[in-house]
Amino acid sequence: MTTSQYVDENGQDDGYTKDGTVDLKGNPILRSNTGGWKACSFIVVYEVFERMAYYGISSNLVIYLTEKLHQGTVKSSNNVTNWVGTVWMTPILGAYFADAHLGRYWTFLIACGIYLLGMSLLTLAVSINGLKPPHCANPSSIDCKKASTLQLAVFFGALYTLAVGTGGTKPNISTIGADQFDEFHPREKSQKLSFFNWWMFSIFLGTLFANTVLVYIQDNVGWSLGYGLPTLGLAISIMIFLAGSSFYRHKKPRGSPFTRMAKVIIASLRKWKIKVPNDPKELYELDLGEYTKNGKVRIDSTPTLRFLNKACVKVDTTNPWMLCSVTQVEETKQMLRMIPILIATFIPSTMLAQINTLFVKQGTTLQRNIGSFSIPPASLSGFVTISMLVSVVLYDRFFMKISKRLTKNPRGVNILQRMGIGMAFHIVIMLVASFVERYRLSVARDHGLVENGKQVPLSILILLPQFILMGTADAFLEVAKIEFFYDQAPEGMKSLGTSYSMTSLGVGSFISSFLLSTVSHITKKHGNHRGWILNNLNASHLDYYYAFFVILNLLNFFFFLFVSKFYEYKAEVSDSLSVLRQELEIESRHRVTNSQEASTNTQVNGST
């Protein structure tokens, strides 16, 4: 495929995509028949149902582990965060197979089959008598019969099968959506920005349904229906995705990004004694035509991480483990430069892990009735979603406009500044959570409820501030995080870049498990109190634990300020909005010029 295939004999656009996208058979495709919103409508609807399926399981999982499998506070919380951590870490493997071997479409479809298998097994595990633990009238009683080894094996086997499936769907579905817009076409490039807005909205919609309707069904109707519905939703979402297959554009696998990065690092180390020339033109680089014919972008050499430039210093060999192109080196630099920022997002992701664990467990100790209606504790997660949705709208309508005037930045604030604001919110959230828990414990003491662990005479709605603030923080940090890792990743490593944001959530969940176990152990063994985190939350000290999180977030915030100060944005992205605006203006003027010329020619022909 060459550049000439994209233009006719007069040098005009012939309607083919310019970004290297092809059909499933590897042939060039017309822009008018594929991609754009025609294709993305299927992908966005898929995401609504898939988010409903995933959060239909994860939001209320700690309650099932506590009430049905009779696990304690620490064990149930850690089982949730370990599983969630696995869910968010497996996308690294999914991104690898997509970029290196199968491509995004086939990796996604195979993963969907594994995902659906896991969901189906999980539904059976909570529905069939032989696979679910025996009923216990008082789940908090120590006399309840524990689940058998077989029952636990089937249940957790299903959970982790599901986790493997999500590893192939999560990093690829959003990039499949982004691939439907041609970066080399100004109008489609602008549409890609709105795609991410609708993408986030689809996530909000599916998550909100799961956190309200499905959680209520699980608590008040039954787990069989509560898990069966998200399984059905996932099956519907896969069929919706398949229905749009004829409209999708695809990008060919470009080889393992890990191998390409390893080649650069090893070549640099092997040539560590070689001096890098001052003139970047003396470094090894492929001809521009090699990139344009494959819809790739050539990247100029930069002075950052200068040691890696040794990999593209010319030597008497073309061995790819000794000589790499400037573009390959710069792609590696872009992925490595993001790692300190990635590390700074681990602690905020640890805070997110509290939503479906300790925050929900707090809700079980409070009064949940409003009239005859009982509020499921896990449904408070819905306020995170609602708050995030409202905050995103307010951000776009008001905050962005005001900050634009102050900063003269087309984005209002840059991506890292937006992330920093979200991190500052996390400090406030845990401070609020600590004070609320301190108040709850004082009421429990006043009513003599510390030892018996009975329900505290306070409304569950006192927890709303920490849930609402978490949604506001997400509107800044999580949205910016997704945008940052996608935008800053090189074109050939978008799936891997997307997996960075998911890796952050995975590592954060594992850190949550580690901190919960460690703090629980240390405070039981060496503290004056029986422990900060006990099965009886009225006798615990979650207020101390949340105060510990305040300090942790504060230290992490300073670390983020330090690493972000030295971060250099990818050149073609840092001013992408202004460049895009210029491209659209040029295209608009071009259409006007063509229209005027056509009108003039018509008048001349008419007069002739």
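Student: How many aromatic pairs does a search of the whole structure find?

Tutor: The search finds 36 aromatic pairs. Bear in mind that this is a predicted model.

Student: Why is the pair of Tyr 46 and Phe 241 called edge-to-face?

Tutor: Their ring centres lie 6.2 Å apart and their planes meet at 65°. Centres within 6.5 Å make a pair, and planes over 60 degrees apart count as edge-to-face, so Tyr 46 and Phe 241 earn that name.

Student: What makes this pair a tie between distant parts of the sequence?

Tutor: Tyr 46 belongs to helix H1 (residues 36-58) and Phe 241 to helix H8 (residues 223-243), so the pair joins parts 195 residues apart in sequence. Both residues also take part in a cluster linked by ring pairs, together with Tyr 105, Trp 106, Phe 108 and Tyr 248.

Student: How do you know whether Tyr 46 is buried or exposed?

Tutor: Buried means under 20% relative accessible area. Tyr 46 has 0%, so the residue is buried. Phe 241 is also at 0%, and therefore counts as buried.

Student: Now for another pair. Why are Tyr 545 and Phe 548 called stacked or edge-to-face?

Tutor: Stacked is the word here. The planes are at 25° with the centres 6.4 Å apart; since stacked requires planes under 30 degrees apart, the pair qualifies.

Student: What separates Tyr 545 and Phe 548 in helix H19?

Tutor: About one helical turn, because they are three residues apart in H19 (residues 542-565). Tyr 545, at 0% relative accessibility, counts as buried. Phe 548 is at 28%, so this residue counts as partly exposed.

Student: What makes Arg 418 a charge over the face of Tyr 395?

Tutor: Arg 418 lies 3.8 Å from the ring centre, and the distance limit is 6 Å. Lys 170 lies over the face of Trp 88 in turn, at 4.3 Å from the ring centre.

Student: How do you know that the span of helix H16 is close to the expected one?

Tutor: H16 (residues 415-446) has 32 residues and reaches 47 Å from first to last C-alpha, against an expected 46 Å. At the N-terminal end, Asn 414 caps H16, with a side-chain oxygen 3.2 Å from the backbone nitrogen of Leu 416. Just after the helix, Gly 448 takes a positive phi of about 65°.

Student: Where in the chain is confidence lowest, and where is it highest?

Tutor: Helix H20 (residues 571-574) is lowest, at a mean of 46, and H19 is highest, at 96. The mean pLDDT of the chain is 84. Over residues 1-9, pLDDT stays under 50. Where pLDDT is low, the predicted coordinates should not be read in detail.

Notes:
Residues are numbered from 1 along each chain as its sequence is written. This is a predicted model: local features need pLDDT of at least 70, side-chain atom pairs count only at pLDDT 80 or more; totals for chains, interfaces and linings use all residues. Side-chain values use heavy atoms; hydrogens and water are left out. Helices (H or I, at least four residues) and strands (E, at least two) are DSSP runs, numbered from the N terminus. The expected span of a helix is 1.5 Å times one less than its number of residues. A polar contact is a pair of N or O atoms within 3.5 Å; within protein, one must be able to donate a hydrogen and the other to accept it, and residues adjacent in sequence count only if both atoms are side-chain atoms. Rings of Phe, Tyr and Trp (its six-membered ring) pair if their centres lie within 6.5 Å; planes under 30 degrees apart count as stacked, over 60 as edge-to-face and the rest as tilted. Buried means under 20% relative accessible area, exposed over 50%, partly exposed in between (1.4 Å probe, protein chains only). A charge sits over a ring if NZ of Lys or CZ of Arg is within 6 Å of the ring centre and within 35 degrees of the ring normal. pLDDT is the predictor's confidence in each residue, from 0 to 100. Contact means heavy atoms within 4.5 Å.
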